[in-house]
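Got your viewer open? Here is a walk through the model, one selection at a time.

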Amino acid sequence: MHTDTERCVRAVQSKDARFDGWFFTAVLTTRIYCRPSCPVVPPKAENMTFYPSAAACQQAGFRACKRCRPDTSPGSPEWNARADTVARAMRLIQDGVVDREGVPGLAARLGYSTRQVERQLLAELGAGPLALARAQRAQTARLLIETTELPMADVAFAAGFASVRTFNDTVREVFALAPGELRARAARSTARLPRTPGVIALRLPYRAPLHPDNLFGHLAATAVPGVEEWRDGAYRRTLALPHGHGIAELAPRPDHIACRLSLTDPRDLTLAISRCRRLLDLDADPVAIDARLRGDELLAPLVDKAPGRRVPRTVDAAEFAVRAVLGQQVSTAAARTHAGRLVAAHGTPVDDPEGGLTHLFPGPEALAALDPEALALPRSRRTTLTTLVAALADGSLRLGLDSDWDEARAGLARLPGFGPWTIEVIAMRALGDPDAFLPTDLGIRRAAEGLGLPSTPAALTARAAAWRPWRAYAVQYLWATDTHPINHLPS
């Protein structure tokens with residue numbers, strides 16, 4: 001969008017928050033870059049230039065505005081709606097892969113050469129993988145500076161910087177303030193609540209509107225005992241992270257998601273934030289999605305009644321695939337019971353002083369050694385589960401941010417016991433495909449019949465062609481016509 005100058009100027013002059021994250025405005029006279037909704041008086045059109053990413057702005061020598069804090073705007077929804085190389089690379093960079101594995105590691109995951117990945121990112125985003133990762137490190141550093149009492153040296157290494165000097169130089173360049181000045185400024189401008197040692201509290205922004213009922217309702221109703229819980233108006237769960245583990249607490253607020261993270265190692269902060277945003281689908285563009293779905297006269301009343309529904313996703317694709325198999329042809333309560341038993345037997349224990357979480361969900365390597373006879377499942381489903389776990393453990397099946405959605409579907413289809421429903425629910429919630437569709441789902445067929453939509457899978461799929469590429473969101477609106485607990489915030 002940043003190449004459409006006239007449209008960008010109109011968005012900036014109207015301070016339209018819907019475009020935050022789609023592009024960034026750099027002001028040639030002040031050398032500052034802003035989000036489109038910046039509250040200051042808009043500059044003259046001839047003094048504006050536009051970039052597709054904060055990293056491109058920083059690489060061009062612009063520093064972040066202190067009023068609108070463009071480095072904290074929601075991410076571009078484009079990366080969640082695509083599965084090409086650039087989109088997959090951006091999801092991996094947001095997940096901290098460059099910090100952990102370098103650009104060669106990023107390229108290896110994508111199956112391309114380092115040079116090819118750099119070329120594609122530079123062509124579309126105006127910045128290479130190192131610059132994009134640097135921009136993310138700067139934002140992580142700012143979060144730690146402003147929300148914790150960690151010494152600056154610890155902040156530097158936790159944010160992914162190789163040295164304190166590089167950390168100091170980057171913060172000064174990006175924010176035009178020294179790290180100590182950033183912390184002092186935050187202390188003066190923000191009402192401080194008592195801090196819990198080891199807990200980082202932050203706000204996760206999103207594009208309005210956001211309807212929380214089915215989002216948090218689904219996560220709470222399907223919560224695996226010991227791994228997830230709903231407590232005091234917040235969804236809480238354990239996170240398995242590269243340098244340790246963590247506990248995330250997420251609560252809906254009118255204009256943001258309140259997030260509290262308890263991490264055993266602060267180096268995992270960037271990854272934890274990325275997983276929480278992905279879990280709640282916070283980078284979606286609800287205005288564009290709902291506009292497409294309103295084009296169907298039978299769906300329009302559902303959208304108008306509760307706009308901004310998101311797709312409840314997952315923090316770990318492999319975990320969700322296992323849970324999808326456990327939930328085949330059983331009730332939500334039975335699926336929770338099966339998953340809870342698996343966690344109690346094979347999960348890693350954790351401490352949770354603030355709640356009732358007890359374990360990390362076991363990874364494929366831990367589950368690869370399980371005894372099928374110990375599973376209280378039909379024999380065919382035991383085979384499905386053990387085959388899935390073995391494929392995930394040996395790498396013959398890859399499910400994650402770097403997955404090509406069509407290739408992942410084909411890989412799942414080759415496993416025994418994986419029909420269209422299981423494959424599509426994994427594509428929708430684990431892989432993040434916004435166009436995944438479940439025409440054979442009983443709840444979808446009942447909802448379709450009640451609305452006057454075709455109820456047979458073939459006819460409903462044909463009708464749903466007009467909803468593309470947002471059919472996964474149409475699924476949420478159709479599911480919400482039922483009274484099932486997944487559609488309501490717990491009391």
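**Stop one: a pair of hairpins**

Start by selecting Thr 238 and Ile 247: Thr 238 stands opposite Ile 247, which belongs to strand S8. Now widen the selection to the strands around this pair, keeping in mind that you're looking at a predicted model. S8 covers residues 244-252, and seven bridges join this strand to S7 in an antiparallel arrangement. Strands like these pair through backbone hydrogen bonds, either parallel or antiparallel. Between S7 and S8 sit two residues, and the two strands form a hairpin.

Colour S7 by itself next. How many of the eight residues in S7 (residues 234-241) are buried? Seven are, so to speak, under cover: the strand is mostly covered.

Now step back in sequence to strand S6, residues 228-231. S6 and S7 run antiparallel, joined by four bridges. Select Glu 229 and you'll find Arg 236 of S7 opposite. The S6 and S7 hairpin also has two residues between its strands, and Asp 232 there takes a positive phi near 55 degrees.

**Stop two: an open sheet**

Select strands S1 to S4. They make an open sheet of four strands, in the order S3-S1-S2-S4 with mixed pairing. The edges are S3 (48-51) and S4 (63-64), each of which pairs on one side only. Zoom in on S1 (residues 24-27): S1 and S3 pair in the antiparallel sense, over four bridges. To see one of the partnerships, show Ala 26 and its bridge partner in S3, Thr 49. While side chains are on display, remember that in a regular strand they alternate between the two faces of the sheet.

**Stop three: the nonpolar cores**

Show side chains for Leu 293, Val 322, Leu 388, Leu 399, Ile 426, Met 428 and Trp 467. These have the most contacts inside the largest nonpolar core, a set of 62 residues. Which helix gives the most to this core? Select residues 317-326: that's helix H15, with eight residues in the core.

Stay with Met 428 for a moment and bring up its surroundings. Setting aside neighbours within four places in sequence, Met 428 touches Val 311, Arg 313, Asp 433, Ala 436, Leu 438, Ala 472, Val 475, Gln 476 and Trp 479. Then jump to Tyr 33, Tyr 206, Tyr 235 and Leu 280, which are included in a second, separate core of 49 residues.

**Stop four: the cavities**

Switch to a view that shows internal space. Rolling a probe the size of a water molecule over the atoms shows where empty space is left. How many cavities of 30 Å³ or more does the structure hold? There are two.

- The largest cavity has about 50 Å³ of space. Select its lining: Pro 77, Asn 80, Ala 81, Asp 281, Asp 283, Ala 284, Asp 285, Ile 289, Trp 470 and Tyr 473. By class, that lining is six nonpolar, one polar and three charged residues.
- The second largest cavity has a volume of about 30 Å³. Its lining is Ala 64, Cys 65, Lys 66, Arg 142, Phe 175, Leu 177, Leu 182 and Arg 185. Here the classes come to five nonpolar, no polar and three charged residues.

**Stop five: two residues to look up**

First, find Asp 316, in the loop between helix H14 (300-305) and H15. Asp 316 has a relative accessible area of 30%, so this residue counts as partly exposed. Draw a distance line to Leu 375: the two are 59 residues apart in sequence and 22 Å apart in space, C-alpha to C-alpha.

Last, go to Asn 487, in the segment after helix H23 (471-479). Is Asn 487 buried or exposed? The relative accessibility of Asn 487 is 6%, so this residue counts as buried. Another distance line is worth drawing here: Asn 487 and Pro 212 are 275 residues apart in sequence, yet 9.2 Å apart in space, C-alpha to C-alpha. Finally, show what Asn 487 touches. Apart from neighbours within four places in sequence, Asn 487 is in contact with Asp 213, Asn 214, Trp 479, Ala 480 and Asp 482.

Note on methods:
Residues numbered from 1 in each chain as written. Predicted model: local features only at pLDDT ≥ 70, side-chain atom pairs only at ≥ 80, totals over all residues. Heavy atoms only, no water. Core = buried A, V, L, I, M, F, W, Y, C linked by side-chain atoms within 4.5 Å. Buried < 20%, exposed > 50% of the residue type's maximum accessible area, 1.4 Å probe, protein only. Contact = heavy atoms within 4.5 Å. 1 Å grid on protein atoms, 1.4 Å probe; cavity = no way out; pocket = protein on both sides within 12 Å on 5 of 7 lines; lining within 4 Å. Points joined across faces, edges and corners; volume = space filled by probe spheres on them. Nonpolar A, V, L, I, M, F, W, Y, C, P; charged D, E, K, R; others polar. Pairing = 2+ DSSP bridges.
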